[in-house]
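Hello,

Here is the structure I promised to pass on to you. Have a look at it first, and then read my notes below.

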Amino acid sequence: MTSQTCSTIVYLLLLLTSVAVAVSVKADTSSCRDLAERSFSATPDAPTHITATRFVRATADLPSYCDVMGYVAPQVGIRLRLPDDWSGRFHMEGCGTLCGIRAIEKADDPLSRGAAVATTDMGRTAPYPLDENWNGDPEVYPKVMRSGEWAYNNLEQELDFSYRGTHKAVVASKAIIAAYYSSRPERSYWRGCSTGGRQALLLAQRYPWHFDGLIAGAPAGMVPAYINIFWRTLTNFDDDSRVIFGKNQIPLLHQVVMGQCDAQDGLEDGVINNPWSCKPDLSVLSCKGRHASSNCLTGEQIASVERLYEGARNTQGRRLSFGVPKGGELGLLGYIRENAGELGTFEPMAQDRLRYTWFDYDPGPAYDARSFDLDTDYYRLFTKALLQTPDNPDLSKLAAYGGKVIMYQGLNDLLNAEPLIDYFKKAVRVAGGRQDADESMQLYLIPGMNHCRGGPGVDTFDWVTAITQWVEEGRPPGAVTGYRRKDDVSLPGAGSWPIRKSVITKTRPVYPYPNVAQYSGSGDPDDSSNFSPAPVGY
Ligand SMILES: [Ca+2]
């Protein structure tokens, strides 16, 4: 072959390639079926296998799409939905708690707007059967996601759960998308809350080239040993492991705190704008006689409540974890399981963290969290647990790649927003100050919102549009409108945006840190136009 012939062939090949890129494949039933036959086993660092595909016809809310199940060898599960009429955007959805599921339906709203969507089980394959709709039963999700036996002496899978599995799933998903549409995504976005927020920050820190925009809600694991999740239970036990401050007393405590602090922000609305300025006088709850009742608290119970607000301290007085935020008391309903005087039960996830995921050598199923010693055991949690921790404040690589990250957290969140605020402040310092940091990172604090959603405040936001406009149009996210849904409305879902007035009861803005929404003093308090930014006290 002459060099000229060779050049001609290369030229023709290049021409064919460019034609393939320019003309995206019109995806349909047959291309979806064909995708299952294609090999992705040579994908670098992510040997991928598609186990099944199926074509799903359009509904009122969702476009027609190709549903894809697969895994990155040996065991990182992935799932994608690839719409026929593709916007060119890739959206990946984060997981929750200890994951183990592929809840792709959480990405219905970006799918309904034309994005190719994906999610991963973070490398632990759920021990439950898939039903005929290919979804795990949402009723089973919490049970699967909170169990930790899979991690018993299983460092490989813990590495995947920490960060490696998510990275591999991103690589695999992009490879599948590129093959299916004959075109790589023009823009890539990540959205997640809790464990999904932890995934977001770890991606921003370790793989800053994967996503143009990331949404990091209430990231789990900001502190290597976030012992709140079991310490709250332990500190509320007496010497006989009986619950001191009972579940049936939580509403009373909340009512007293709100009575003293709700109006401090100028509006009695069940939301405390600035939990740090709320210093309730709990003595008004003291029982007059010797016995507790549902209307009062004993001295021992008040002391326990004060410890819950304060967070864990060791015997030297060093603070080891963060406490319950003022106004967030009702979140304790999920932790304090029994009435005063009864034997408490641990939330299985809290106990499993200690048995299987946090110590370097898993103590296993016989370990009892009541044996945890704040003075000695706390310091044993900084090696393996550190793998999961998204606390590197250097986001300069993300900025260099032009990436953006929106962080947010509710101020009623029992995970406590303080570690995220501390992280954001550090990241701003590393970036060289707020002006430079504003190019690539933003933090929103949401008064009255619980962990990721719920609570008396607004809890529904179109973060996807906010990050998309920031990335694609260069419009930094300033005030973002929050919505409170009617009780029977589940949002966001397919076709949620723009939101319909008929499904909401309230709008209120959120602002970049340090500001939260302050009521102007007149006008409808359920209307976001009657609020302006005011700094929070942390
Ligand atoms: Ca208020």
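**How the two domains meet**

In this predicted model, 29 residues of domain 1 are in contact with 27 residues of domain 2. On the domain 1 side of that meeting place, helix H12 (418-431) and strand S12 (515-519) each supply at least two residues. The most comes from S12, which gives 3 residues to the side of domain 1 that touches domain 2. By residue type, that side of domain 1 divides into 13 nonpolar, 11 polar and 5 charged residues.

To find your way around, it helps to know the bounds: the domain assignment of the chain gives domain 1 as 29-224 + 387-535, and domain 2 as 228-381. Taken over C-alpha atoms, the centres of domain 1 and domain 2 are 30 Å apart.

**A helix to look at: H6**

Helix H6 covers residues 195-206, 12 residues in total. From the first C-alpha of H6 to the last is 16 Å, close to the 16 Å expected at 1.5 Å a residue.

Is H6 largely enclosed or open? Of its 12 residues, 10 are buried, so H6 is largely enclosed by the rest of the structure. The buried residues of H6 are Thr195, Gly196, Gly197, Arg198, Gln199, Ala200, Leu201, Leu202, Leu203 and Ala204.

And what covers these buried residues of H6? The cover includes two helices, H5 (155-181) and H11 (396-400), along with strands S6 (187-193), S7 (213-217) and S8 (404-410).

Enjoy exploring it!

Best wishes

Technical notes:
Residues numbered from 1 in each chain as written. Predicted model: local features only at pLDDT ≥ 70, side-chain atom pairs only at ≥ 80, totals over all residues. Domains from an automatic or database assignment. Contact = placed C-beta atoms within 7 Å. Helix = DSSP H or I, 4+ residues; strand = E, 2+ residues; numbered from the N terminus. Nonpolar A, V, L, I, M, F, W, Y, C, P; charged D, E, K, R; others polar. Expected span 1.5 Å × (residues − 1). Buried ≥ 20, exposed ≤ 12 C-beta atoms within 10 Å, placed from the backbone.
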